[in-house]
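The questions below concern one molecular structure, shown here with its sequence. Each is followed by a short reasoned answer.

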Amino acid sequence: MNTFFEVTFLNNTLLKWIIAASIIAISFLCIKIFKFLIIKKLKKWAATTKTNWDNFVIDVVEKSVIPLLYLSSCYWALLSLEFNETVDKVIHIAYLFSFTFFVLKIISAAFKKFVYSYIQREEDSESKQKQAGGLIAIVNIIIWICGIIFLIDNMGYNVTTLIAGLGVGGIAIALAAQAVLGDLFSYFVIFFDRPFEIGDYVSLGSDSGVIEYIGIKTTRIRTLSGEQLICSNTDLTNSRLHNYKRMEKRRVVFHLGVTYDTSTAQLSKIPEIVKEIIILRPELQYDRRHFSGFGDFSLNFEFVYFVSSPDYNLYMEHQQGVYLDIFTAFEKQSIDFAFPTQTLVINKQKDDSKIKVNT
């Protein structure tokens with residue numbers, strides 16, 4: 001019987017192979033029991049809690065930690081066997097690759113979960129999650145680069161030269177791509193400072209529209225005329241930008257001019273007429289009205305009110321309604337609106353008579 005267990009296969013006795021297989025079988029059985037009993041109970045418990053971090057941890061354990069435990073069981077079982085140096089090195093490198101992959105996967109998932117959890121605390125989280133996609137992609141690239149350097153270092157290679165090379169290469173790339181890096185840093189400014197977000201109506205110089213997409217390098221704006229305006233992030237952060245979505249209410253100033261033939265009684269009625277028209281609209285907040293001055297061809301009035309909503313269409317509807325009501329009220333009171341006129345005075349030297357002509 002002892003002779004049977006001492007049979008050699010690939011430089012290892014049959015007994016050693018049985019021990020290695022037993023380690024793998026027992027480990028797999030324990031992992032299966034853990035997954036079936038513990039994980040199943042934890043899922044039921046997590047379903048009753050308000051937070052979703054426990055669900056995330058359980059999902060990470062199920063998708064990353066348990067596969068890593070399976071691989072580790074096989075790795076430690078193979079370590080009990082004796083192979084030549086080349087095979088040992090291949091097994092070690094394969095395990096390092098697998099271990100690094102699952103660890104980096106866990107770190108990336110944790111960072112993504114942290115960012116989304118932070119965003120979900122605020123309003124309009126769906127659009128902010130789209131905006132966070134670029135940040136997550138950049139951080140994932142950094143995480144995986146660091147992980148690869150760690151892997152190369154653990155494989156026995158000297159990474160000092162590699163890191164120095166990356167530093168010199170990074171400086172060269174930075175000098176060659178200043179505009180791209182400027183837009184990248186501007187993206188971080190937009191993400192963290194949030195001067196505007198997806199869905200905001202903004203005005204930039206002579207252009208205006210709705211923010212449609214915020215990328216790592218460019219931001220896309222859907223203008224009122226329908227075309228897509230693409231701006232670099234640096235241009236946006238360096239410009240004075242009007243964000244109309246954050247307007248709580250809209251201030252409206254308008255002027256009226258009536259003719260100089262208007263009587264004093266009619267002039268005194270005009271402020272009250274306009275005030276009553278504005279007050280009768282519940283979504284308008286009256287501010288002030290004044291006889292503002294004597295114009296070249298009109299007696300001028302200035303009126304100010306607020307629209308309780310920043311919606312431009314609503315503002316235009318109310319402005320139209322106010323103007324129509326004013327026109328109707330002035331018509332009833334026989335008050336004439338002024339229009340540009342000139343009075344020409346012609347002097348005759350012989351009889352010193354004057355002729356006035358209105359145009």
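Q: In which sense do strand 4 and strand 5 pair?
A: The model is predicted, with local features needing pLDDT of at least 70, side-chain atom pairs pLDDT 80 or more, and totals for chains, interfaces and linings using all residues. Residues are numbered from 1 along each chain as its sequence is written, and side-chain values use heavy atoms, without hydrogens and water. Strands are DSSP runs of E, at least two residues, and helices runs of H or I, at least four, numbered from the N terminus; two strands pair if DSSP finds at least two bridges between them. Strand 4 (residues 207-214) and strand 5 are joined over 5 bridges, and the sense is antiparallel.

Q: Which residue of strand 5 is the bridge partner of Ile214?
A: Strand 4 and strand 5 form a hairpin with 3 residues between them. Within this pairing, the partner of Ile214 is Thr219.

Q: Which residue in the turn between strand 5 and strand 6 has a positive phi?
A: Strand 6 (residues 228-232) pairs with strand 5 over 5 bridges, and Arg220 stands opposite Ile230. The hairpin has 4 residues between its strands, and the phi of about 110 degrees belongs to Gly226.

Q: Which helix gives the most to the largest nonpolar core?
A: A nonpolar core joins buried (under 20% relative accessible area, 1.4 Å probe, protein chains only) Ala, Val, Leu, Ile, Met, Phe, Trp, Tyr and Cys residues through side-chain atoms within 4.5 Å. The largest has 22 residues. Strand 8, helix 9, strand 10 and helix 10 each supply at least two of them. With 6 residues, the top contributor is helix 9.

Methods
Buried < 20%, exposed > 50% of the residue type's maximum accessible area, 1.4 Å probe, protein only.
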